[in-house]
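I opened this entry to keep track of what I looked up, one topic at a time, before the details slip away.

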Amino acid sequence: MMNCELLATCSALGYLEGDTYHKEPDCLESVKDLIRYLRHEDDTRDVRQQLGAAQILQSDLLPILTQHRQDKPLFDAVIRLMVNLTQPALLCFGSVPKEPSFRHHFLQVLAYLQAYKEAFASEKAFGVLSETLYELLQLGWEERQEEDNLLIERILLLVRNILHVPADLDQEKRIDDDASVHDQLLWAIHLSGLDDLLLFLASSPAEQQWSLHVLEIVSLMFRDQNPEQLAGVGQGRLAKERSTDVAELEVLRQREMAEKKTRALQRSNRHSRFGGSYIVQGLKSIGERDLIFHKGLHNLQNYSSDLGKQPRRVPKRRQAAQELSIQRRSALNVRLFLRDLCSEFLENCYNRLMGSVKDHLLREKAQQHDETYYMWALAFFMAFNRAASFRPGLVSETLSVRTFHFIEQNLTNYYEMMLTDRKEAASWARRMHLALKAYQELLATVNEMDMSPDEAVRESSRIIKNNIFYVMEYRELFLALFRKFDERCQPRSFLRDLVETTHLFLKMLERFCRSRGNLVVQNKRKKRKKKKKVQDQPLASGNVSYSTGELEAMWPSLAEQLQCYAQDPELSLDSMVPFDAASEVPVEEQRAEAMVRIQDCLLAGQAPQALTLLRSAREVWPEGDVFGSQDISAEEEIQLLKQILCAPLPRHQGPEEQGAEEEEEEEEEEELQAVQVSEKEFNFLDYLKRFASSTVVRAYVLLLRSYRQNSAHTNHCIVKMLHRLAHDLKMEALLFQLSLFCLFNRLLSDPAAGAYKELVTFAKYILGKFFALAAVNQKAFVELLFWKNTAVVREMAEGYGSLDGGSSSRRPLAWSPEEEAQLQELYLAHKDVEGQDVVDTILVHLKTPRTRKQVIHHLVRLGLADSVKGFQRKGTHIVLWTEDQELELQRLFEEFQDSDDVLGHIMKNITAKRSRARIVDKLLALGLVAERRELYKKRRKKPAPSSSPNGEESLKNFCQEDLEEEEILPEEESEEDEEKEEDSEAGQAQGSSVLSTENLGQSLYQEGFSAPLLWLQNCLIRVADDREEDGCSQAVPLVPLTEENEEAMENEQFQRLLRKLGVRPPSSGQETFWRIPAKLSPSQLRRIAASLSQPEEEQKLRPGLEPKVPGEQNPEEEHQKEQRAQALRALQLARKKKAGPVSPSGEGTTGEKEQLQMVPRKRQLLDSDEEQEEDEGRNKAPESRAPGIEKKKRFQIEDEDEND
């Protein structure tokens, strides 16, 4: 029953009197009210159902549309309402509801849509739409308003919605060559001239914005058509079609005659009420006696033990997928119209439209899954072109290697999503079927080009095939699809197309190999290596245990150093910081860590650092006199250090080691998969052996079961592949399977077996091979019950145990009783221990080396474990990301993006555990990082003050450490090997690298780039000021506004300088300008800007310096030492200000700033493309180190984009 308000609104629209519709004064407001009601309907779509039941569209909206077109506001509102009313039911409900009540509402809405489609099947309605669309397209782009573009889009959406409504086959009951509702709709479109407007939209360069709408409408128009049949309309019946029809009729006639003969034999001359009872010898009944048969002898051949039993119900989740696409022959006039439309579309629109749609898809301007329309159009129109009159130029836009790559990528993506997203597996399977059809048609077109009389066309085909057969992914695609074929998600038509496509690919590949003689192809192999732990070389003493004698021998040299430094009043306490207030580690643990650090310094021979750290810790933790009392003497201090050296202190694992161990607990030992790309000579038989698998053969046998419904070409493809496996590879035993033999029995007893001569010949060949083998190997009858792999096939032919005899070295050693007892003892002792893998523990303690697989299988064989699955390692193979998981990943990235190990912290804290590679890929997909190198683990270098009187090295170290350096820890093992090999070369080239960096700005000044360098300096200073004022930072582009600056930005040497300064080049293919990274702080930017000063300005900043005279070198050097010492103190003070408040004993800040500005700045070497944040970790790391500590080697990282 209709709602009162809704009923009143519908009544205010108007009324129909005869053929004339009289609208009410409030008609426009009523239409707007209906739009508003539809916007606020509930989940059951009650408003939509009530309007459909009242037939508002048929009785009111269509008459208003056709008779009141002049009222433009009313016409626009009616179009809006009709677009809303006719939108697909799947869009209304999201998907086909599974709940019965909602499914009822879904079917009701679908029934109303089918009624709308039938009402639209008139020339008058489409005539109005066509005229309106024509008038709007006549307007130029400067005259067309936004409302006009909206009206064009709504008209196209309305046509799309009407064509999208599925046909009701049960209600229509139309046969082939009869006009269905869809045919009537197509004929109305043709009479109204709307098809010509669609061709104009598809071919016009100015109307590319409607390309996806046009492609969708065209695909819905040809939805039920077969391109090969459509191409032959009007040309008479071909001889091939007539022969096919004759063969089908002959098969039907033979079967009918066989049935008549069978019925005639069943009739007896005399009717008998009693059929008789017989004993069937050799066939046992339920007991031990022979079976008693109570029917006539003519029924004995149909006897089965399953007679009278209830058929087993197949669960819904295990039922085979249903065929959704139905092809039918339309009326002849409709087919002729569609054939002409196809020809015009190919000649005038195809290349331009497909190029525009492909551009929309690549630039992500389309909606989700719009690429399916692209793949459908590619398959349909290329098939039509191939069947009508093959002209490669008409489809040149989609006939390229790039198209093959695009289809293969989508096919692989659909394949992976079908395996992961199990709820929507059927939808992903349908999309995968569309991609497979497009791939099949591409191969068929290339194959057709081989037979072209034009030499240029054949050469293009050869180039395409050379690229396809070379790449490994194209060859492995079919194997992956066969191995993961699932008849619950993928219909039988998908398997048919897969078999035919594989047949075509193998035929083309075999022919190409024969013509070439030898073919070199790409080969990819995953090199699996166990990840090596990175060990810290300088202070690895925490992991090494020292005996008491070794410590006593070490102490005298340490005591001498301590006595010298204990009396030194200049020993600074600020260089060693034992406590970090910003750290999350509790204070008690930090105190224990400080004690361990003192011991480490002593073990490493760093006596002054140990003494300084002890005194600093005493000031931080004076309570309890743990680090000595405040009035402790020098001798007592030395004795306390000796006690610390000899004490067995408890050591905690560092965050990096702890993270590595947690990672090993989850993934055992993370293995890196380095893909090695190489080339090898292709062997066709070796490639064919990849198909010798039970999963592939099972898929072929499944399709062979429906040999009666299959076409002759499909049956030929099946037999050809099975013949390749049996005859070419000599693996007939691969087909020795009982289900296949039952199928052969049904085939050979088929009355119409004469129509399947190829199948019958192959069946007799396989059966003959089996009986020949059974005469030698009696176990062949038992082997019929199982699907077999290549190893079993070889054993059946050569004898059981032949494989073990041929490779005795690989045979596992037998388990002795002592080893079994030890295995049982170890398993019972460690099976309940948490936090460790019981199998790994057993492998460590076993005397005889065994593999993990051998241990697990023997545990199961001894009955200690129920199944092998209980020992499986926990994997992280989650592929699909939910919205909540993406938000969690984004939150974790924002939380840890300033830490040294962003990826490690994310993997440690993320809820759904995933592999490192999948998290990196997702961060790149979300746009949180631009390059993978941003996620590499960073190691900060600790500053080490020089104890030498010459302060030049200290000043250089401090200047270079102002912008903290990163050491890239590569993820791939191959990169580690390369770094080890190139370590010595990098060390030799380091000096020249520093020198070239320092002289880079000076050389640019000499080349005439002073103005661009000044512009760059001003940009850096301005960005630093803005970041100080705003308090937040983001990447700022460097936009050159003058021609001189633009030429400098294109100069290779200038770009090298930008990279050394940390400026980021354009990335992701969508950026144009270089950018100042958000990570650079204002102080860093000012230091970089100061380093760009001209040599003359640097001289002005040195008021006390004069040019050197050869005879006056000593005073000048002393003056320079003073300047460097002042700069050293100023930089130390600046670092203290960043770390925390400065003690009152320091000098005035104003004077120090002025002094800092007067110091000449050295240009610095930036070891990475992006600088580190200085604020992170400055408080955590000690600020100085003795000269005895070995520095980490610095590697020069080559920029990948240097030649761009």
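My notes below go through a surface patch, two helices and one serine.

I kept in mind throughout that this is a predicted model.

Entry on the patch. I looked for charge on the surface and found a positive patch formed by Lys98, Arg103, Lys316 and Lys423. Following up one of these residues, I placed Lys316 in the loop between strand E4 (290-293) and helix H16 (332-348). Its relative accessible area is 71%, and because the cut-off for exposed is over 50%, I recorded Lys316 as exposed.

Entry on helix H11. This helix covers residues 181-192, and I noted that its twelve residues reach 17 Å from the first C-alpha to the last, close to the 16 Å expected at 1.5 Å a residue. Among its buried residues I listed Val181, Leu185, Leu186 and Ile189, and also the polar-looking entries His182, Asp183 and Ser192. Just after H11, I found Gly193 with a positive phi of about 85 degrees.

Entry on helix H22. Here I checked residues 472-483, where twelve residues should span 16 Å at 1.5 Å a residue, and the end C-alpha atoms lie 17 Å apart, which agrees. I noted H22 as mostly covered, since nine of its twelve residues are buried, including Arg475 and Glu476 as well as Phe478 and Phe482.

Entry on Ser461. I located Ser461 in helix H21 (residues 455-470). Its relative accessibility is 0%, so Ser461 counts as buried. I also looked up its separation from Asp450, which is eleven residues in sequence and 6.2 Å in space, C-alpha to C-alpha.

Notes: Residues numbered from 1 in each chain as written. Predicted model: local features only at pLDDT ≥ 70, side-chain atom pairs only at ≥ 80, totals over all residues. Heavy atoms only, no water. Patch = residues over 30% accessible without salt bridge, like charges linked within 9 Å, V, L, I, M, F, W, Y side chains within 5 Å. Areas by Shrake-Rupley, 256 points an atom, 1.4 Å probe, with all protein chains shown as cover. Salt bridge = Lys/Arg side-chain N within 4 Å of Asp/Glu carboxyl O. Lys, Arg positive; Asp, Glu negative; His and termini not counted. Charge placed at Lys NZ, Arg CZ, Asp CG, Glu CD. Helix = DSSP H or I, 4+ residues; strand = E, 2+ residues; numbered from the N terminus. Buried < 20%, exposed > 50% of the residue type's maximum accessible area, 1.4 Å probe, protein only. Expected span 1.5 Å × (residues − 1).
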